[in-house]
Structures are given as C-alpha cells and as structure tokens.
Amino acid sequence: MGKVIVIGAGAAGMMAACRAAECGARVLLLEKNEKAGKKLYITGKGRCNLTNACDTEDLFASVVHNRKFLYSAFYGFSNFMAMDFFEQNGCPLKTERGNRVFPVSDHASDVIRTLERKLKEYGAAVRLHTEVREITEERGRVSGVVLADGKTVAGDAVIIATGGLSYPTTGSTGDGYKMAERLGHTIVKTAPALVPLAVREQEPKELQGLSLKNIRAFLLAEKSGKILYEGFGEMLFTHYGVSGPLILSAGSYYGEKEKQEGCLLRLDLKPALTEEQLDKRILRDFEGKENRRFKNVLGGLFPVRLIPVMIRLSGICPDRPVNEITREERRRFVSLIKNWQMHITGTGDYTEAIVTRGGIHVKEVNPSTMESVKLQGLYFAGEVLDLDGLTGGFNLQIAWSTGYLAGEHAALQGQKE
C-alpha cells in the first residue's frame with residue numbers, strides 16, 4: 001500500500017484518513033488549525049447533528065445540488081453505516097425530531113474524539129499547525145505536497161478535504177479551490193448556503209428574537225409564482241429578516257438568478273388548517289366575545305408579540321368590537337395568516353452560512369471513487385465539492401460518505417502502476 005496525504009482534518013478529512021488507514025495505507029493527515037474538527041465543534045450549536053436517520057429516498061431528496069453524483073458514496077457508506085461507525089466506536093447516538101441524529105451526550109467533542117481514536121488505532125499520523133501551499137505532480141499523477149514552510153512531502157495520493165468558505169474563523173478560507181484550480185479543475189461559483197434571508201419588510205425587525213414552530217414556508221419566483229422550495233418546521237425573526245432551520249434550508253435555493261428576478265417568501269402560520277377551517281376557528285374564538293375589541297381576542301391564535309403585527313397587516317382597527325368585523329374582513333385576515341408574504345432582498349454572508357454552495361465541478365470527479373478525472377492520485381471529499389444539502393445532518397452525511405469513498409480508493413493508489 002502507498003502513502004496517502006489528506007489535507008484538512010474536518011469531518012470529511014478525518015473520515016477519509018480513517019478509511020485509508022483502515023485499508024492499510026500509510027496516512028498523513030495535515031491540518032492548518034491548532035486542533036482537528038474545528039468546524040465540527042460548533043455544528044448543531046455544539047451538539048453536532050451528525051446525520052439523519054431517514055430512508056434512502058429522503059436522503060437523496062435532501063441534497064440540493066448534484067444529488068445523482070452521490071449515488072456510489074451514499075450506497076457505499078450510508079447514513080445508517082455512519083451511525084453504526086460512531087456507535088460501535090464509543091459514541092452512543094440518539095434520534096430527535098425530523099430524524100436528526102445527535103450524540104447522546106449532546107457534545108460535538110465526542111464525535112471528534114471518536115474519529116481521533118480511530119485515527120490513532122489505525123496508525124494514521126496527524127500533524128496540526130501544518131498548512132499546505134500546493135500539490136505537486138509528476139508525469140500526469142500526484143507526487144506529494146509542498147507545505148507553507150517550503151518543505152515537500154511525497155505521497156502516492158492526495159485527498160483535498162479543506163471545506164468551503166462558510167465559517168471562515170474555523171479555517172474555511174477556500175484553500176482547496178485554489179489548489180484544485182492550479183491543477184486544471186473548474187470551480188463552480190461559490191455562494192453562502194443554509195443561510196438566513198434578508199427581507200424588505202420591517203416586521204421581522206419588530207419581531208426580532210421571536211421563534212415560531214410548525215410553520216410552512218414557500219420560496220416563490222416573484223414573476224411566475226413558481227415554487228422554488230417548500231418546507232415545514234421552525235423559523236426565527238431577526239433584525240434584518242428571517243432565520244431558523246426552515247429558513248436556512250430555503251436559503252439554499254436562493255441564488256443570483258433569484259436575486260435578479262425577484263423572490264418572495266410566503267408563510268403559512270397555520271398549515272394544519274384549511275382557510276375554511278381557520279375561518280371557523282376564528283368564529284369560535286369570537287363567540288361570546290362579540291363586544292370585545294379585536295386586539296383582545298387573538299391570544300389563542302398567535303404569540304403575544306405577533307398579535308399587533310398581524311392586526312396592522314390585516315388593516316382592521318385593533319379597537320374595533322368583534323361584532324363589527326365583516327365576513328369579508330375576516331376572510332382577508334384568514335388569507336393573511338395562510339399567505340403572509342415578504343420580499344427577499346438577499347442572504348447572510350459566509351460568517352452566517354452553515355455550508356458553501358458551489359465548489360469543485362463534479363463532472364471533473366469520478367463519482368465511484370472521488371478521484372479527479374484530470375490528475376491520477378488526486379481525490380476530493382466533503383464541502384470542497386459542488387455539493388450541499390438541507391439542514392438536518394445531511395451535509396455531514398455528504399462529508400462522511402465522500403470521505404469514506406475517497407479514503408478507500410486513495411489507499412489503493414500505491415498498488416497502481
């Protein structure tokens with residue numbers, strides 16, 4: 001077996017190094033930070049939503065870009081195989097709402113420790129504070145890497161697992177894109193993904209900090225009305241727009257084209273009820289309170305902070321007695337609750353994005369091995385590729401699956417002529 005150099009000790013890099021070492025390769029894992037798994041420490045607010053216990057169909061459906069490319073990776077190392085890997089290696093897991101999988105301890109550090117233990121067990125060498133400047137090649141194949149201090153390290157295979165551009169404080173600064181580009185690879189334009197949305201309207205600022213559960217959200221093309229994304233879950237109002245798991249997923253479908261052509265966010269605050277059922281519900285709330293003011297009978301429908309905003313948007317006077325509200329006004333109010341629209345003006349930046357959209361063009365990578373089709377012995381894994389998924393553990397599953405496949409095939413390089 002040959003020597004495999006893995007650049008980047010994040011989720012994909014550590015999994016790639018584990019698998020390559022398990023397959024018998026001599027492995028050197030290089031990380032420019034002071035510790036491995038720096039971004040993993042902060043995922044899921046420090047709890048680490050490491051995968052999703054959904055079925056295979058939902059797993060593929062939760063990949064936003066280039067899901068077909070992941071066929072071999074997901075079948076080669078599935079979400080359930082990832083769960084088994086961690087459970088069998090001393091990291092017990094639990095499954096929460098939406099099939100999200102977390103360590104029982106709620107500590108991301110346990111996920112990292114499991115990977116570090118396996119690296120040690122398989123004899124992989126890990127060097128921290130070590131930055132790679134470039135990848136070297138000889139006669140159309142990889143020959144090693146050059147470090148930032150000028151030293152050269154020889155290798156039979158190199159795996160680029162340097163991440164994207166999101167959370168730059170964790171070291172995600174696009175290094176892998178530059179290395180790949182110098183070796184002739186195309187980089188699909190990058191953008192923040194799984195990111196909060198900014199809106200034109202002022203209501204979110206007024207409601208800053210308020211969280212709503214069990215909401216249905218739609219992302220719509222403004223001119224055609226075409227639905228670009230539809231989801232159900234939790235959202236949060238911010239000082240410039242909206243966030244929360246539901247909105248972050250919607251943010252992955254908002255790009256340059258949507259920004260130029262105009263895009264709307266439509267919220268259904270009561271998705272469990274049809275408009276007719278909601279109208280009847282409001283009428284029941286009005287019963288026996290005919291002389292009370294409109295603003296005082298909505299406590300059962302909305303959180304307290306939301307009431308004045310919804311009343312203002314409805315155009316109904318807050319002090320109006322309930323018995324004076326017309327059927328038409330009530331119907332308009334129902335429509336507002338089911339179809340609250342806001343104009344999207346942009347997204348948060350990379351400091352707020354959970355992942356990066358874009359990256360190394362997947363057509364230049366063999367999906368069965370993760371090897372470059374341009375340079376023998378060069379492999380890719382994780383977020384550096386043009387792959388991204390929804391919230392719920394899907395992006396880490398992409399990292400585990402592509403890392404596992406890259407590590408396995410990179411380990412075989414030393415046997416090739």
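**Figure 1. Burial and overall dimensions of the protein chain.** Of the 417 residues of the protein chain in this predicted model, 56% count as buried. The C-alpha trace spans about 85 × 45 × 35 Å along its principal axes. The secondary structure of the protein chain consists of 13 helices and 21 strands. Among the contacts in the protein chain with a separation of 6 or more, 73% are made by residues 24 or more positions apart.

**Figure 2. Close-up of the open sheet β8-β9-β10.** Three strands form this open sheet, in the order β8-β9-β10, and their pairing is antiparallel. The edge strands are β8, residues 132-138, and β10, residues 152-154, each of which pairs on one side only. From one strand to the next, the twist averages 30°. Strand β9 comprises residues 141-147 and is joined to β10 over three bridges in the antiparallel sense. Within this pairing, V146 has T152 of β10 as its bridge partner.

**Figure 3. Close-up of the antiparallel pair β14 and β15 with their hairpin.** Strand β14 covers residues 211-221 and strand β15 covers residues 227-237; the two pair in the antiparallel sense over eight bridges. One position in this ladder is marked by I215, whose bridge partner in β15 is G233. The hairpin of β14 and β15 has five residues between the strands. In this hairpin, G225 adopts a positive phi near 80°.

**Figure 4. Close-up of the continuation from β15 to β16.** A hairpin of three residues leads from β15 to β16. Strand β16 spans residues 241-243 and runs antiparallel to β15, with two bridges joining them. In β16, V242 serves as the bridge partner of F237.

**Figure 5. Close-up of the packing of helices α11 and α12.** Helix α11, residues 306-314, packs against helix α12, residues 327-338, at an angle of about 125°, and their axes lie 10 Å apart. The two helices α11 and α12 are therefore oblique to each other, since the range counted as roughly perpendicular is 65 to 115 degrees and roughly antiparallel requires an angle over 145. The crossing of α11 and α12 is right-handed. Helix α11 contributes M310, L313 and S314 to the contact, and helix α12 contributes F333, L336 and I337. By character, the residues of this contact of α11 with α12 divide into five nonpolar, one polar and no charged.

**Figure 6. Close-up of Y254 and its surroundings.** Residue Y254 is placed in the loop between α8, residues 245-251, and α9, residues 256-261. The relative accessible area of Y254 is 6%, and Y254 therefore counts as buried, the cut-off being under 20%. Leaving aside its neighbours within four places in sequence, Y254 is in contact with L197, L219, K259, C263, I344, T345, G346, T347 and R357. By way of reference to another part of the chain, E137 lies 117 residues from Y254 in sequence, and the C-alpha atoms of the two residues are separated by 38 Å.

Methods. Residues are numbered from 1 along each chain as its sequence is written. This is a predicted model: local features need pLDDT of at least 70, side-chain atom pairs count only at pLDDT 80 or more; totals for chains, interfaces and linings use all residues. Side-chain values use heavy atoms; hydrogens and water are left out. Two strands pair if DSSP finds at least two bridges between them. Helices (H or I, at least four residues) and strands (E, at least two) are DSSP runs, numbered from the N terminus. Axes are lines fitted to C-alpha atoms, for helices over the stretch in contact, and angles run from 0 to 180 degrees between N-to-C directions. Angles under 35 degrees count as roughly parallel, over 145 as roughly antiparallel, 65 to 115 as roughly perpendicular and the rest as oblique. A crossing is left-handed if the near helix is turned anticlockwise from the far one by less than a right angle, and right-handed if clockwise. Contact means heavy atoms within 4.5 Å. Ala, Val, Leu, Ile, Met, Phe, Trp, Tyr, Cys and Pro count as nonpolar, Asp, Glu, Lys and Arg as charged, and the others, Gly among them, as polar. Buried means under 20% relative accessible area, exposed over 50%, partly exposed in between (1.4 Å probe, protein chains only).
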